[in-house]
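Biologist: Could you take me through one part of this model in detail, and then show me how that part sits within the rest of the chain? I would like a connected account rather than a list.

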Amino acid sequence: MALDETTEELARGAAQGDHRALGELLKRIEPDVLRHCGRILPYRQDAEEACQDTLLAVARNIGRFEGRARFSTWLHIVTANCARTTYRSMKRRSAEQGSDDLLLQKPDVARVSVIAGSRLDLLDAMEALEAEKPDLAQALVLRDICQLDYSEVAEQLRIPLGTAKSRIHQARKYVQGALGDAYGF
């Protein structure tokens, strides 16, 4: 999400308590947030739910935006976290209902597109990585989902550049191993 300078200014104003700026900010970022959620989640209605959760999180937490990094960086992180939370919530509800939902099984190629199926597998692999090695997951989300460059990842995590690169490499290897034969690794 590359946001223009006007959006960055609105974010700074909203962070300082300007309610008009917050309203305008939410309107401006909604299409980008929805598009970003759609890249993470395989189904539009799930992306829409994650988008609404993201906008709500921005509205509730904009006061925490300190302006040290660009608002777009902060928004990437909030969006990725909300999308992953939406996925975990859907998976948990599905398990509680005992349904035979797509979230609980390997994607059936006859029912799900290859892209949607690979997203579900990737989300499962990311969830496993986060459970076992949260530091690696955080770095991978910032680099590969939020599309920050390595120096921005290091800055966000407050770690040396070399450590950021190492964590991303280790996380990719973990995810690659989790995806395994189904993806030709």
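**A close look at helix H4 and its surroundings**

Modeller: Thr73 is buried, with a relative accessible area of 5%, a value that falls under the 20% cut-off for that class. This is a predicted model, and everything that follows is computed from its atoms. Thr73 is found in helix H4, and, leaving aside residues up to four places away in sequence, Thr73 touches Leu148, Glu152 and Gln156.

Helix H4, which covers residues 71–97, also packs against helix H2, which covers residues 19–40; their axes come within 10 Å and cross at roughly 50°. That angle makes H2 oblique to H4, and the crossing of the two helices is right-handed. From H2, the residues that take part are Leu25, Ile29, Val33, His36, Cys37 and Ile40, and from H4 they meet Phe71, Leu75, His76, Thr79, Ala80 and Ala83. Sorted by class, the residues of this contact comprise nine nonpolar, three polar and no charged.

Phe71, one of the H4 residues in that contact, deserves a look of its own. Not counting residues up to four places away in sequence, Phe71 touches Leu3, Glu8, Ala11, Leu25, Ile29, Val58, Ile62 and Phe65. Phe71 also belongs to the largest nonpolar core, a set of 53 residues, in which Leu25, Ile29, Val58, Ile62, Phe71, Leu129 and Val153 touch the most other members. At least two residues of this core are supplied by each of helices H1 (5–15), H2, H3 (44–61), H4, H5 (114–132), H6 (134–145), H7 (150–157) and H8 (161–179). H4 gives the largest share of the core, namely nine residues.

Leu25 and Ile29 of H2, which meet H4, appear again where H2 packs against H1. There the residues Thr6, Thr7, Leu10, Ala11, Gly13 and Ala14 of H1 meet Arg20, Ala21, Leu22, Glu24, Leu25, Arg28 and Ile29 of H2. By class, this contact of H1 with H2 holds seven nonpolar, three polar and three charged residues, whereas the contact of H2 with H4 holds no charged ones. H1 and H2 pack at an angle of about 140°, and their axes are 8 Å apart; the two helices are therefore oblique to each other. Their crossing is left-handed, while that of H2 and H4 is right-handed.

For a contrast with the buried Thr73, one can turn to Arg158, which is found in the loop between H7 and H8. Arg158 is exposed, with a relative accessible area of 58%, and has a positive phi of about 55° although it is not a glycine.

Finally, the whole chain gives these details their setting. The protein chain has eight helices and zero strands, and from the N terminus on its elements run α-α-α-α-α-α-α-α. Of its 185 residues, 43% count as buried, and Thr73 is one that is buried. Among contacts between residues at least 6 apart in sequence, 59% join residues at least 24 apart.

Notes
Residues numbered from 1 in each chain as written. Predicted model: local features only at pLDDT ≥ 70, side-chain atom pairs only at ≥ 80, totals over all residues. Heavy atoms only, no water. Axes fitted to C-alpha atoms, helices over the stretch in contact; angles between N-to-C directions. Helix = DSSP H or I, 4+ residues; strand = E, 2+ residues; numbered from the N terminus. Parallel < 35°, antiparallel > 145°, perpendicular 65-115°, else oblique. Left-handed = near helix turned anticlockwise from the far one by under 90°. Contact = heavy atoms within 4.5 Å. Nonpolar A, V, L, I, M, F, W, Y, C, P; charged D, E, K, R; others polar. Core = buried A, V, L, I, M, F, W, Y, C linked by side-chain atoms within 4.5 Å. Buried < 20%, exposed > 50% of the residue type's maximum accessible area, 1.4 Å probe, protein only.
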